[in-house]
Amino acid sequence: MEKRYETAIGGHSISIETGKLAGQAGGAVTVRSGDTLILATATASKEPREGTDFLPLIVDYEERLYAAGKIPGGFFKREGRPSEQAILLCRLTDRTLRPLFPQGMRNDIQVIITALSADQETYLDMLSVIGASAALVISDIPFSGPVGAVRIGLVDGQYVCNPTASQMEGSPLDLRLAGTREAIHMVEAGANQVTEEVILGALKAGHQAMQSVIALQEQMAKEIGKPKRDYIFFHTPQEAEEAVRVRIAGRVLETIRRTKEKDERRQALDGLREELLSQLDFPPEVIEAAFDEVVKEKIRESILREEARPDGRTNTQIRPISCEVGLLPRTHGSGLFSRGKTQVLTIATLGTVSDEQRLNGLMTKEESKRYMHHYEFPPYSVGETWFLRAPKRREIGHGALAEQALLPVIPDEEEFPYTIRLVSEVLSSNGSTSMASVCSSSLALMDTGVPIKAPVAGIAMGLIQEKGRYAILTDIQGLEDAVGDMDFKVAGTRKGITALQMDVKGQGVDYQVLEEGLAQAHEARLFILDEMAETISQPRKELSPHAPRITLIKIDPEKIGLIIGPRGKTIRKIVEETGAKIDVEDDGTVFIASTDGAASEKAVAMIKGLTEEAEVGKIYSGRVVRVTDFGAFVEILPGKDGLVHISQLADYRVPSVEDVVRVGDEIMVMVIDIDAEDKIRLSRRAVLEGWTPEKARAMDRRPTRRPHSRNRGGRRRPG
């Protein structure tokens, strides 16, 4: 039976329909706002997956370009691997849903979101979260939802819920959040150096705005929801947990505190685990799960009751920091940032406009981007081994977060006409490599000489809360992240926040905790910026000698053909003669790049020569291309010539034009007039006499002195 439900967020209608499409899925809905429509389905396997100790949830987004009336490019003319934006949408949805499934569930759950129609004004990501939640709510899959989702922009100083893409063009804030009726569970934000107060206000406004779509899904569950099927949930037997607790509860914290280094701690804990496996008569997977629970319990107790972190730091203390720049001799710039056992090296590379990344998707109006950040997480960074394949979703997500953190400080193309690529190589990982990437990237950009508006630093915060007590932790390491209830990453400048990411693993977080956490992160960010400034505080004045020097010039778009030439002949000739790399935009912007200054200047001169307009009063060195009885035609610019009348050829009376010039001669002439038909009048005499164009025009065709009046030696030939 087809059913339709409707509500509104921020004045935009949102409708959810079910019962018409994908009837064999566990749950299926379409969600529409404007002319954007997505299909969301949720299906679970009948039996749990054997041998797994985590929830096997996967969220897939199927981007179909037909949704916007486009045909894919390339040879095969069909969609291929997911785009970066598609992967980020999947991660955003996954992070919202995952904490809301029953603990111990091991059945495969697959959520598939398909974009069926896209008006490219209504964003797909928030509709996808709502659709996934609605599909789960009406399915037979256990789920502690529903959840709502909303985007918050800042337009003319006012919060706007679910703004259109056009409205967001001038917004200094792009904040996406999702949550249940009681609390926020996921936040992703990019901002142009906004304050913590602005962020907190947006969170409150967004959580309030999503309540209507949560209520709508509750109505759907009541009216058409399927009965939840019985599933097998994996729980650690109480007797096994008690047996583990009796043997090691008093030794866990002692073992952790005795071993300050990550590798030593892991080895020591592995020793306790092996001891239990040899002593207890339970299946190994049960002992492993019980051991992890007891370790988690004891670390949390220590932090909450004793305010003692595993490595002995206070709640606000940051691990030792070191910074270095200019490590690599042939790169354009590099920065190394270390915080405790987390170490990231970022390399910056500058390119031309042809190096920009071309975009072809449904979730952005942009056709290309000139700033890219790529994050690499090799297995040796955590002392492990695995096959090296294409970047994982986590790597793409961390790279996108670091990219967003730095985007607001990247100079405009008019100021710095380069394509910029940053690659962050994680060399060692023990907590918050994404924020370390932000710091090392700032160092690398300044080392390169990119005139960023301000340095950016990032910090990862954690939270432990239980029975009304909580502890906010600055600079969490891997162990604290694993046992905590929330992690949130904040990046920004001294002026304000540029990126924020938050994930709640269990119960919700009230606004007081969020406010305290943002304030604590602010202090940590300033501390890190001070540490970075001791190594490099502002961009270098000069680029690396290995980086291209790009000159940007503007020409009349109608003259682009003069630069390109027939079948590219002219531009190829310029490139061959100068060695410079040349890119021409449709708006008449020309980028000339070369590491050789002289070659760049020559290319600029050649292009200007091809496109320059003659100016009255300007002196040119021209070549005589044709001689007549009444004067000579002189080419002063490529393809552009003018007439030097016989009366303007010399500072004496000229019997014959060829007595003064012949075809092929190079002479200096002044432009004295350009008529309505673009015919150019030139004067050599004005150059010799030092006349103005006005005087030259006034003297045009007047009798001139005999040559003997100034040179009795006879007729003077031009020099």
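**Figure 1. Buried residues of helix α9 (393–406)**. In α9, the buried residues (under 20% relative accessible area, with exposed over 50% and partly exposed in between; 1.4 Å probe, protein chains only) are Glu395, Ile396, Gly397, His398, Gly399, Ala400, Leu401, Ala402, Glu403, Ala405 and Leu406. Because 11 of its 14 residues are buried, α9 is largely enclosed by the rest of the structure. From first C-alpha to last, α9 reaches 20 Å, close to the 20 Å expected at 1.5 Å a residue; the expected span is 1.5 Å times one less than the number of residues. Helices (H or I, at least four residues) and strands (E, at least two) are DSSP runs, numbered from the N terminus. The model is predicted: local features need pLDDT of at least 70 and side-chain atom pairs count only at pLDDT 80 or more, while totals for chains, interfaces and linings use all residues. Residues are numbered from 1 along each chain as its sequence is written, and side-chain values use heavy atoms, with hydrogens and water left out.

**Figure 2. Helix α8 (284–306) and the residue that follows**. Helix α8 has 23 residues and spans 32 Å between its first and last C-alpha, close to an expected 33 Å. Glu307, just after α8, takes a positive phi of about 50 degrees.

**Figure 3. Lining of the second largest cavity**. The structure holds 2 cavities of 30 Å³ or more, and the second largest has about 40 Å³ of space. Its lining consists of Leu203, Phe488, Leu500, Met502, Leu514 and Leu518. Strand β21 (497–504) and helix α12 (511–533) are the elements that give two or more residues to this lining. By class, the lining has 6 nonpolar residues, no polar and no charged ones; Ala, Val, Leu, Ile, Met, Phe, Trp, Tyr, Cys and Pro count as nonpolar, Asp, Glu, Lys and Arg as charged, and the others, Gly among them, as polar. A cavity is a set of points on a 1 Å grid over the protein atoms alone where a 1.4 Å probe fits but cannot get out, and lining residues have an atom within 4 Å of a point. Grid points are joined across faces, edges and corners, and the volume is the space filled by probe spheres set on them.

**Figure 4. Leu175 in the largest nonpolar core**. This core has 135 residues, of which Tyr61, Phe101 and Leu175 touch the most other members. Helix α2 (124–137) gives the most to the core, with 10 residues. A nonpolar core is a set of buried Ala, Val, Leu, Ile, Met, Phe, Trp, Tyr and Cys residues joined through side-chain atoms within 4.5 Å. Beyond four places in sequence, Leu175 is in contact (heavy atoms within 4.5 Å) with residues including Val150, Ile152, Val187, Ile199 and Leu203. Another core, of 23 residues, lies apart from the largest and includes Val294, Leu473, Ile476 and Val483.

**Figure 5. Val590 in strand β24 (589–594)**. Val590 counts as buried because its relative accessibility is 0%. Among the residues it touches, not counting those up to four places away in sequence, are Thr551, Ile553, Ile563, Val584 and Ile607. Val590 and Ile607 are 17 residues apart in sequence and 9.0 Å apart in space, C-alpha to C-alpha.

**Figure 6. Backbone geometry at Pro146, Ala22 and Arg567**. The peptide bond from Gly145 to Pro146 is cis, with omega near 10 degrees; Pro146 is in the loop between α2 and β7 (148–155). Ala22, in the loop between β2 (12–18) and β3 (27–33), has a positive phi near 55 degrees and is partly exposed at 34% relative accessibility. Arg567 has a positive phi of about 60 degrees, lies between α13 (560–564) and α14 (569–578) in a loop, and is exposed at 82% relative accessibility.

Definitions and conventions
1 Å grid on protein atoms, 1.4 Å probe; cavity = no way out; pocket = protein on both sides within 12 Å on 5 of 7 lines; lining within 4 Å.
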